[in-house]
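Welcome to this tour. Keep your viewer open and your selection tool ready, and we will go from stop to stop.

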Amino acid sequence: MAKIQQINPRTILDSRGNPTIEVDIFLTDGESGTASAPSGASTGKSEAHELRDLDKNHFHGKGVNKAIANIQNEIAPSLIGMNADDQQAIDECLISLDGTQNKSRLGANSILAISLANAIANAKSKKTSLFKLISHNENYSLPVPMLNIINGGKHAKNSTDIQEFMIIPAGFDTFFDALKSGSEIFHHLSKLLSEQKLNTSVGDEGGFAPSLSSNEQALELILQAIELASYQPGQQVFIGIDSAASEIYDNQSFKYNFDNENKILSSENLIQLYKKWVQNYPLISIEDGIEEDSWDDWNKLNSQIGENCQLVGDDLFTTNPNRIERGIREKSANSVLIKPNQIGTLTETLNAIKIAKSVNWGTVISHRSGETESSFIADLAVATNAGQIKSGAPSRGERTAKYNQLIRIEQQLGQKAIFSGTTIFEKFIK
Ligand code: PGA
Ligand code: ZN
């Protein structure tokens with residue numbers, strides 16, 4: 001049985017050029033695993049804590065030396081000698097060593113990098129693929145990609161108020177064909193924007209960030225790009241949005257500011273707007289349509305359009321089992337976004353997925369806007385039969401790292417590869 005022998009943490013840069021933690025774990029059998037922590041920009045209030053140095057003279061306060069010192073001084077001495085194969089025991093040790101509710105003492109960034117690096121090292125030690133190691137059965141499905149091709153909100157200044165406009169190529173037989181359509185549509189959108197003298201530079205998640213007159217213009221442009229690429233909207237390719245509503249919510253007036261459109265909407269106005277979009281566009285998924293503390297409004301949204309549209313909680317649930325369970329009890333949504341660094345360990349991430357699946361909720365495995373070259377979430381999506389993955393546009397290396405890993409896994413599985421496709425959206429397809 002391979003045991004943890006040595007742990008080497010370091011600072012690397014994420015896709016925004018900010019520092020983040022990377023960790024190597026070496027095992028007694030000579031194998032090793034390397035993993036890193038991503039970082040969000042539109043973070044939920046209930047997320048596990050990302051420990052930063054806050055020293056203004058060092059990486060603008062974003063340094064991770066404290067988190068690295070925690071690994072060297074506390075985490076490594078406790079984990080060295082533990083069986084790499086006992087992921088749950090390792091994660092439980094990390095949780096109890098930290099001792100806080102939100103991992104604020106040792107930092108969720110250091111804890112996550114350790115947890116994931118151990119899984120990677122263990123897979124190598126067992127001479128198996130990461131997705132096979134994480135999975136507990138032999139049924140693997142490839143997730144439908146949700147490709148964020150227009151970036152707004154906090155990920156691209158001067159673009160749309162809505163943070164993400166995604167295409168969802170579900171109506172294909174293979175992951176590869178779905179991704180191919182995504183790439184073709186992305187490039188048609190680029191041409192369309194150029195023709196209309198709109199900006200084609202990209203935002204944090206690789207999607208275009210044009211200055212548009214309205215959110216509806218983004219929906220129209222995407223519809224046109226799908227058609228120009230000769231795909232059928234509403235049959236092969238669908239649309240999803242992430243409103244990241246907490247970012248545009250004013251908690252004094254209890255209203256939502258759509259600054260680019262010069263509009264202020266109440267939650268009721270907003271729900272009516274979503275209703276209209278679901279009717280008029282092949283829109284089958286809305287993430288964070290309501291801000292993170294308005295549980296009653298989430299319930300209203302779900303009761304009004306939850307039958308016709310996937311409603312994904314990101315900031316609302318923060319991959320936190322307690323919040324997901326509350327959402328299930330209060331009928332707040334019908335799907336959950338899964339971001340491992342929101343909760344901090346692999347074991348807790350798998351538990352969050354299990355809880356959502358037990359009530360047939362949708363599960364979307366997600367990257368962060370600040371990413372690394374890691375493709376861990378691709379394996380996680382296959383291992384858990386999550387059905388959906390969101391990793392940004394089909395552009396920029398840190399985004400394509402995840403999609404390319406899914407191409408490899410699909411090829412490795414050969415005949416056994418099943419693409420989740422439209423089956424997971426059956427309820428929502430008109
Ligand atoms: P973040 O955004 O990674 O910047 O928090 C992603 C999202 O809201 O889904
Ligand atoms: Zn989100």
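**First stop: a serine and its contacts.** Select Ser78 and show what surrounds it: leaving aside residues up to four places away in sequence, Ser78 touches Cys93 and Leu97. Bear in mind as you look that this is a predicted model. Ser78 belongs to helix α1, which covers residues 65–79. Now draw a distance between the C-alpha atoms of Ser78 and Cys93: you should get 7.9 Å, for two residues that are 15 apart in sequence. Is Ser78 buried or exposed? Neither label applies: its relative accessibility is 29%, and residues between 20% and 50% are called partly exposed, so Ser78 counts as partly exposed.

**Second stop: the whole chain.** Zoom out and switch to a cartoon. You will find 13 helices and 16 strands in the chain. Rotate the C-alpha trace onto its principal axes, and the spans come to about 60 × 55 × 45 Å. The radius of gyration is 21 Å, which agrees with the value near 22 Å that a compact globule of 430 residues would have. Colour by accessibility next: 60% of the 430 residues count as buried. A surface view shows the other side of this, with about 16,900 Å² exposed, 45% of it supplied by carbon and sulfur atoms.

If you like contact maps, here is a number to go with yours. Taking contacts between residues at least 6 apart in sequence, 70% join residues at least 24 apart. For the charges, select the 40 positive and 52 negative ones and compare their mean positions, which lie 1 Å apart.

**Third stop: the zinc ion.** Centre the view on ligand 2. Which protein residues donate to this zinc ion? They are Asp242 (OD), Glu287 (OE) and Asp314 (OD), at 2.0 to 2.2 Å from the zinc ion. Along the chain these donors follow the spacing D-x44-E-x26-D. Two of them come from distant parts of the chain: Asp242 sits in strand β7 (residues 237–242), while Asp314 is in the loop between β12 (310–313) and α9 (321–329), 72 residues apart. Both Asp242 and Asp314 are buried.

**Fourth stop: along the loop from Asp314.** Stay in the loop between β12 and α9 and select Thr319, which lies there too. Check its backbone: phi of Thr319 is near 55°, a positive value in a residue other than glycine. With a relative accessible area of 0%, Thr319 is buried.

**Fifth stop: helix α12.** Select residues 376–383, the extent of helix α12, which is mostly covered, with 8 of its 8 residues buried. Step through the side chains and you will meet Phe376, Ile377, Leu380 and Val382, among the buried residues of α12, and also Asp379.

**Last stop: the residue that follows.** Move on to Asn385, which is in the loop between α12 and β15 (387–390). What is the phi of Asn385? It is near 50°, again a positive value in a residue other than glycine. Asn385 has a relative accessibility of 22%, so Asn385 counts as partly exposed.

Technical notes
Residues are numbered from 1 along each chain as its sequence is written. Chains are lettered from A and ligands numbered from 1 in the order in which they are written. This is a predicted model: local features need pLDDT of at least 70, side-chain atom pairs count only at pLDDT 80 or more; totals for chains, interfaces and linings use all residues. Side-chain values use heavy atoms; hydrogens and water are left out. Helices (H or I, at least four residues) and strands (E, at least two) are DSSP runs, numbered from the N terminus. The radius of gyration is taken over C-alpha atoms; the globule rule is 2.2 Å times the number of residues to the power 0.38. Buried means under 20% relative accessible area, exposed over 50%, partly exposed in between (1.4 Å probe, protein chains only). Contact means heavy atoms within 4.5 Å. Accessible areas come from the Shrake-Rupley method with a 1.4 Å probe; for residues, only the protein chains shown count as cover. Lys and Arg count as positive and Asp and Glu as negative; His and the chain ends are not counted. The place of a charge is taken as NZ of Lys, CZ of Arg, CG of Asp or CD of Glu. Donors are N, O and S atoms within 2.8 Å of the metal (3.2 Å for Na, K and Ca); water is not among the atoms, so sites may look incomplete.
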